[in-house]
Amino acid sequence: QVQLVESGGGLVQAGGSLRLSCAASRRTFNMYTIGWFRRAPGQEPEFVAALRGRGGETYYGDSVKGRFTISRDHAGNTVYLQMNSLKPEDTAAYFCAAPDGFISDDSLQYPHEYGYWGQGTQVTVSS
């Protein structure tokens with residue numbers, strides 16, 4: 001069992017930056033693959049980024065490539081999502097998630113592959 005807590009959301013103007021954090025309750029958090037998803041009102045969840053726990057490989061959704069960066073702190077207890085050049089269409093609730101078992105590279109983009117979720121943090125980008 002792992003508990004995830006997101007923070008760092010807020011209101012920002014278009015072109016601005018925010019850094020989201022995802023903290024975990026387990027000391028072995030650095031071994032987990034972590035994904036970030038977002039959900040805008042009335043829309044399906046969208047894959048944003050993922051970070052492998054062992055190899056450190058990163059993956060990004062097409063809409064955020066080149067603007068967002070996922071990383072993990074040195075102690076491995078927190079995963080960050082640095083969001084630059086924000087656009088109004090980035091407005092959504094952002095969630096971090098962890099799988100409860102093995103997850104293939106091809107499955108990283110699918111919310112149903114993740115068993116643990118945080119409560120979410122709201123990001124609002126004004127035009």
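**Salt bridges and strand β3 in a predicted model**

R38 and D90 form a salt bridge in this predicted model, with their closest N and O atoms 2.8 Å apart.

Me: Which parts of the chain does the pair of R38 and D90 link?
Reply: R38 lies in strand β4, residues 34–39. D90 lies in the loop between β8 and β9. The two residues are 52 residues apart, so the salt bridge links distant parts of the chain: strand β4 and the loop between β8 and β9.

Me: Is R38 buried or exposed?
Reply: A residue counts as buried when its relative accessible area is under 20%. The relative accessible area of R38 is 6%. R38 is therefore buried.

Me: Is D90, the partner of R38, buried or exposed?
Reply: The cut-off for buried is under 20% relative accessible area. D90 has a relative accessibility of 1%, so D90 is buried.

Me: Where is R67, which also meets D90 in a salt bridge?
Reply: The side chains of D90 and R67 come to 2.7 Å, N to O. This pair too links distant parts of the chain, 23 residues apart. R67 is buried, at 10% relative accessible area. Its place is the loop between β6 and β7.

Me: Which residues do salt bridges with shared partners join into one network?
Reply: D90 forms a salt bridge with R38 and another with R67. E46 belongs to the network as well. The members are R38, E46, R67 and D90.

Me: Are K65 and D62, which meet in a salt bridge, buried or exposed?
Reply: Their side chains meet at 3.2 Å, N to O. Exposed means over 50% relative accessible area. K65 and D62 are both exposed.

Me: How many salt bridges does a search of the whole structure find?
Reply: The pairs include R38 with D90, D90 with R67 and K65 with D62. The search of the whole structure gives a total of 5.

Me: Why is strand β3 largely enclosed by the rest of the structure?
Reply: Strand β3 covers residues 18–24 and has 7 residues. It is largely enclosed because the number of its residues that are buried is 5.

Me: Which residue of β8 is the bridge partner of S21?
Reply: Strand β3 pairs with β1 in the antiparallel sense over 4 bridges, and there L4 stands opposite A24. Strand β3 is also joined to β8, residues 78–83, by 6 bridges, and these two strands run antiparallel. In β8, the partner of S21 is Y80.

Conventions:
Residues are numbered from 1 along each chain as its sequence is written. This is a predicted model: local features need pLDDT of at least 70, side-chain atom pairs count only at pLDDT 80 or more; totals for chains, interfaces and linings use all residues. Side-chain values use heavy atoms; hydrogens and water are left out. Buried means under 20% relative accessible area, exposed over 50%, partly exposed in between (1.4 Å probe, protein chains only). Two strands pair if DSSP finds at least two bridges between them. A salt bridge is a side-chain nitrogen of Lys or Arg within 4 Å of a carboxyl oxygen of Asp or Glu.
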